[in-house]
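Work through the exercises below with the coordinates open. Try each task before reading its solution.

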Amino acid sequence: MRKTKITIALITLLIAGTALQLVAQDKYAKSFSISRHNFVDTIKIEIWKGAIIIPAEINGSTKKLLFDTGAEKGFWVADMEEWMTPIDSITIVDSNKERQKIPLYQFPPIKIGSTTIENYTMVISESFKNYVCGKIDGALGFNLVAKGLSIKFDTKDSLMIVTDRKGFFAKEEKKHTVLKYYKDTRPDVLIQFPYGKYRMTFDSGYIGGWVDLPQYWLDKWSSNNPKMKEAIDKTTVRVDTTIKSQAGLLGKTQDTIVARTLHIPGFGVGDAKFEDFWLSTGNRSMLIGSCVLKHASLIINAQKQHLVFLPHNENSGVVIGNEDFDDFRLFPTDGDSIGALKVIVREGSKEYQKGIRTGDYLISADGVPITDYCTYSLLKQKGKIKKMVFRTPEGEDKEVEWDE
């Protein structure tokens with residue numbers, strides 16, 4: 001079996017359920033038009049942590065748009081531009097279940113490949129600007145599929161094939177397991193776990209995420225099922241108190257909760273098998289994130305309402321082996337006077353053994369002051385960070401060096 005090792009970042013942004021979700025019903029969701037009919041187009045795309053980034057021309061310049069299956073419609077995270085035209089306001093519900101009435105903007109024609117999308121509407125999400133660090137300008141929602149566009153994301157060769165023709169991908173689909181999705185606003189599919197099959201949303205906007213299984217549902221499933229409880233207890237390697245943080249279009253929340261760390265044999269998404277997998281239940285959402293697309297391409301069939309995952313390696317599963325999952329995180333403090341990024345660390349982790357504690361702040365990395373998350377993110381992109389300085393809430397500094 002080919003072994004693929006996923007290296008978990010030493011420090012990750014604490015957004016459990018980073019899905020850029022927009023769950024809103026409004027009359028504009030499908031009001032846009034597509035310039036071509038009976039067409040097939042192939043477009044070069046970028047893959048970022050499994051997430052799909054599509055180049056699009058808007059008002060004469062190229063923008064980077066995330067394709068977000070977890071959002072009903074589009075949203076914008078970059079700076080406001082003068083060509084944005086407010087046309088109405090709608091009530092949205094974000095991934096924190098927060099409701100708010102916000103402006104809806106009419107966008108000029110969006111050209112993707114040789115196809116133009118006209119009268120597409122988006123909301124503005126300033127809260128995500130600090131998290132994406134200029135990697136994307138905005139997002140296209142699942143309403144493109146609801147409008148009738150079938151799409152193949154070839155994440156192996158970084159290509160997007162989009163068409164409105166019925167049955168165009170039928171030959172490829174016959175070789176693989178079809179996953180019927182249950183909504184036309186976002187795809188909910190049945191996923192195979194050791195405990196059984198459960199319906200979860202495949203959210204390509206959950207950037208860098210694998211699987212979110214909330215503790216609430218584990219408790220609910222096992223409360224009246226001794227065999228289920230036994231299976232869950234058997235795969236539990238740790239129960240502790242942690243802090244959950246969830247980002248939404250309207251902001252983020254943090255809560256202290258009791259969570260489990262589970263080490264499961266694996267899970268299946270159709271024919272794509274992911275083995276030796278660790279996960280935390282410290283999140284409230286039930287999501288499959290973008291990381292699965294690091295190892296499997298995806299067909300979304302709009303006419304038949306199903307997904308097909310096409311594993312890059314068709315002959316074996318992908319061994320994850322992510323033991324460090326969720327042990328050490330950072331989250332933005334929104335202007336705290338001590339530091340910009342605060343630490344969450346679990347007892348027994350290698351970071352805890354180095355003397356780092358929950359509530360500490362990251363002050364500098366390799367001598368560079370950490371003034372926001374994007375500063376840290378850019379340093380990580382350049383290579384492994386060797387030395388960090390943390391500061392306790394009482395003002396004591398501690399220097400930590402990391403082995404090669």
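The exercises cover a strand and its partners, a disulfide, the nonpolar cores and the cavities.

This is a predicted model, in which local features need pLDDT of at least 70, side-chain atom pairs count only at pLDDT 80 or more, and totals for chains, interfaces and linings use all residues. Residues are numbered from 1 along each chain as its sequence is written, and side-chain values use heavy atoms, with hydrogens and water left out.

**Exercise 1.** Find the strands that pair with β18, and the partners of Thr201.

*Solution.* Strands are DSSP runs (E, at least two residues), and helices are runs of H or I of at least four, numbered from the N terminus. Two strands pair if DSSP finds at least two bridges between them.
- Start with β17 (residues 188–193): six bridges link this strand to β18, antiparallel.
- A hairpin of two residues connects β17 to β18.
- Asp188 is opposite Thr201.
- Next take β23 (residues 287–288): two bridges join this strand to β18 in parallel.
- Here Leu287 is the bridge partner of Thr201.
- Finally, check burial (buried: under 20% relative accessible area; exposed: over 50%; partly exposed: in between; 1.4 Å probe, protein chains only). Five of the seven residues of β18 (196–202) are buried.

**Exercise 2.** Locate the disulfide and state what it ties together.

*Solution.* Look for cysteine sulfur atoms within 2.5 Å.
- The count is one disulfide.
- Cys133 and Cys374 form the link, with S to S 2.2 Å.
- The angle about the S-S bond is -95°, a left-handed link.
- Cys133 is in the loop between α1 (129–132) and β13 (138–140) and Cys374 in helix α7 (residues 373–382), so the link ties parts 241 residues apart in sequence.
- Cys133 is partly exposed at 27%, while Cys374 is buried at 16%.

**Exercise 3.** Which residues touch the most other members of the largest nonpolar core?

*Solution.* Join buried Ala, Val, Leu, Ile, Met, Phe, Trp, Tyr and Cys residues through side-chain atoms within 4.5 Å.
- The largest core has 69 residues; Phe67, Trp76, Ile110, Phe193, Val211, Phe267 and Phe309 touch the most other members.
- Another core, apart from this one, has 19 residues, including Ile90 and Ala139.
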